[in-house]
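This report looks at how the parts of a protein–DNA model are arranged and where they meet. The sequence and structure come first, and the description follows.

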Protein chains: 2
Amino acid sequence: MKHPSTRDRILEEADRLFYERGYEHTAFADIAEAVGISRGNVTFHYQTKDAILDAVIDLRLARTAALLERWETGGEGPADRIRSFIDILIANRAKIMLHGCPVGTLCSELAKLEHHALSHASALFTLFQEWLATQFAALGLKKEAGTLALHLLARSQGIATLASTFHDEAFLREEVRILHAWLDGITSSPSRRTRA
Amino acid sequence: MKHPSTRDRILEEADRLFYERGYEHTAFADIAEAVGISRGNVTFHYQTKDAILDAVIDLRLARTAALLERWETGGEGPADRIRSFIDILIANRAKIMLHGCPVGTLCSELAKLEHHALSHASALFTLFQEWLATQFAALGLKKEAGTLALHLLARSQGIATLASTFHDEAFLREEVRILHAWLDGITSSPSRRTRA
DNA sequence: GTCTATATTAAGATAGAC
DNA sequence: GTCTATCTTAATATAGAC
């Protein structure tokens with residue numbers, strides 16, 4: 001890790017730039033400049049831009065899986081694990097207010113481009129969804145676990161979209177508070193869970 | 001309206017293409033082809049692409065204002081007006097599942113581009129927000145009206161984002177059902193409104 | 001108002017020297 | 001592995017004929 005390869009540094013900068021500027025708006029030259037190498041060197045390591053995108057998605061998938069595994073093996077119960085998910089909005093609020101959610105904005109862009117990598121990128125959502133569904137099931141909500149997981153994903157997405165549009169931290173914090181209240185309502189009174 | 005000017009036809013096709021393909025991914029040539037004129041003719045009517053974008057946003061603002069006014073002068077009360085807003089997700093589901101929300105996806109793209117038109121485009125959100133806040137205030141929720149309006153906007157955004165990522169109509173319909181239940185909960189028991 | 005032709009810039013991608 | 005140089009394509013935008 002002390003001496004990352006040029007290939008890894010390209011991947012790292014591409015990951016950041018695709019998030020900050022979007023996939024299409026990021027040029028080979030931008031990546032090369034960020035790494036401090038020539039354009040030709042970038043194409044030596046990754047022949048096409050699509051190849052970089054695929055590698056970036058794989059990197060994000062691996063990091064997401066590792067994050068979820070850390071949360072899974074953590075000492076807290078399923079409710080606290082779901083709270084960890086909700087609190088990403090707070091932990092990453094600075095970047096979210098500038099660039100939105102890295103998963104949602106990538107999927108939205110790829111959907112508009114009708115890019116074949118959309119199904120690859122949407123696996124990021126699926127990772128979160130399945131993990132969240134596992135937590136809801138562990139709370140005794142096995143039947144609605146998948147629906148609740150998608151619902152929470154959608155709520156997070158909407159918060160990120162509006163927070164980045166208005167660069168509004170107060171809104172983001174208020175919505176996170178409401179999400180925690182929603183979760184509390186689910187864990188304490190299961191019969192009312194579909195109301196929210 | 002029977003004989004729209006070339007300028008209006010350019011605007012109409014640009015509006016559609018910016019929604020379907022995104023702003024940056026739409027070229028002058030695409031607009032010209034859709035209208036059935038030459039590229040040079042497009043630039044005769046709109047000198048720059050940014051000028052087209054500004055005109056498209058103005059068009060959307062005018063149409064949104066007209067829509068909200070129709071709902072406002074309609075016979076139903078504030079709760080039914082909010083239901084009209086929620087039901088756009090159903091009415092426009094085919095396009096939403098393909099291209100997402102026209103407001104949210106435009107604002108997300110412009111935020112990534114750091115485009116100066118973002119503040120112009122975000123006025124679309126503000127139109128909806130202020131109108132929704134008026135309805136919530138009319139329901140006797142004057143104090144929380146602004147927060148509730150933003151909350152509902154965020155919920156709609158999240159639904160549109162996931163619906164377009166997964167092209168999933170069942171998810172969209174289920175989430176609309178949950179939104180209606182949320183609204184019912186607010187109108188019937190105000191003390192629990194911030195829970196959802 | 002509409003067209004063709006063109007200037008200019010930038011991007012993705014390739015070839016070959018070192 | 002890294003660079004410079006170049007090919008090719010496509011995009012915004014302009015100029016000028018009709």
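## How the two protein copies meet

In this predicted model, 100% of the interface residues of chain B are also interface residues in chain A, so the copies meet through the same surface.

Two copies of a chain are related by a rotation about an axis and a shift along it. Here, chain B is superposed on chain A by a rotation of 180° with 0.0 Å of shift along the axis, and the RMSD is 0.0 Å. That is the relation of a two-fold axis. Among the residues of chain B, the one that comes closest to this rotation axis is B:Gly158, whose C-alpha lies at 1.9 Å.

## The surroundings of DNA strand C

DNA strand C is surrounded by 13 residues, of which the closest are A:Phe28, A:Thr43, A:Lys49, B:Ser38 and B:His45. By class, the surface near this strand holds four nonpolar, eight polar and one charged residues, and its largest share, four residues, is contributed by helix 3 (residues 39–45) of chain B.

Of the atoms of DNA strand C that lie within 4 Å of the protein, 75% are part of sugar or phosphate, while the rest belong to bases. Phosphate oxygens of the strand are approached from chain A by a polar backbone atom of A:Lys49, at 2.9 Å, and from chain B by a polar side-chain atom of B:Thr6, at 3.0 Å. The side chain of B:Asn41 places an N or O atom 3.0 Å from a sugar or linking oxygen of DNA strand C.

## The surroundings of DNA strand D

Around DNA strand D there are 14 residues, and the closest of them are A:Thr6, A:Ser38, A:His45, B:Phe28 and B:Thr43. The surface near this strand divides into four nonpolar, nine polar and one charged residues, and helix 3 (residues 39–45) of chain A supplies the largest share of that surface, with four residues.

For DNA strand D, sugar or phosphate accounts for 75% of the atoms within 4 Å of the protein, and bases account for the rest. In chain A, an N or O atom in the side chain of A:Thr6 is 2.9 Å from a phosphate oxygen of the strand, and the side chain of A:His45 likewise has an N or O atom 2.9 Å from a phosphate oxygen. From chain B, a backbone N or O atom of B:Lys49 lies 2.9 Å from a phosphate oxygen of DNA strand D.

Definitions and conventions. Residues are numbered from 1 along each chain as its sequence is written. Chains are lettered from A and ligands numbered from 1 in the order in which they are written. This is a predicted model: local features need pLDDT of at least 70, side-chain atom pairs count only at pLDDT 80 or more; totals for chains, interfaces and linings use all residues. Side-chain values use heavy atoms; hydrogens and water are left out. A residue is near a molecule or strand if one of its heavy atoms lies within 4 Å of it. A polar contact is a pair of N or O atoms within 3.5 Å; within protein, one must be able to donate a hydrogen and the other to accept it, and residues adjacent in sequence count only if both atoms are side-chain atoms. Helices (H or I, at least four residues) and strands (E, at least two) are DSSP runs, numbered from the N terminus. Ala, Val, Leu, Ile, Met, Phe, Trp, Tyr, Cys and Pro count as nonpolar, Asp, Glu, Lys and Arg as charged, and the others, Gly among them, as polar. Copies are superposed by least squares on the C-alpha atoms of residues with pLDDT of at least 70 in both. Contact means heavy atoms within 4.5 Å.
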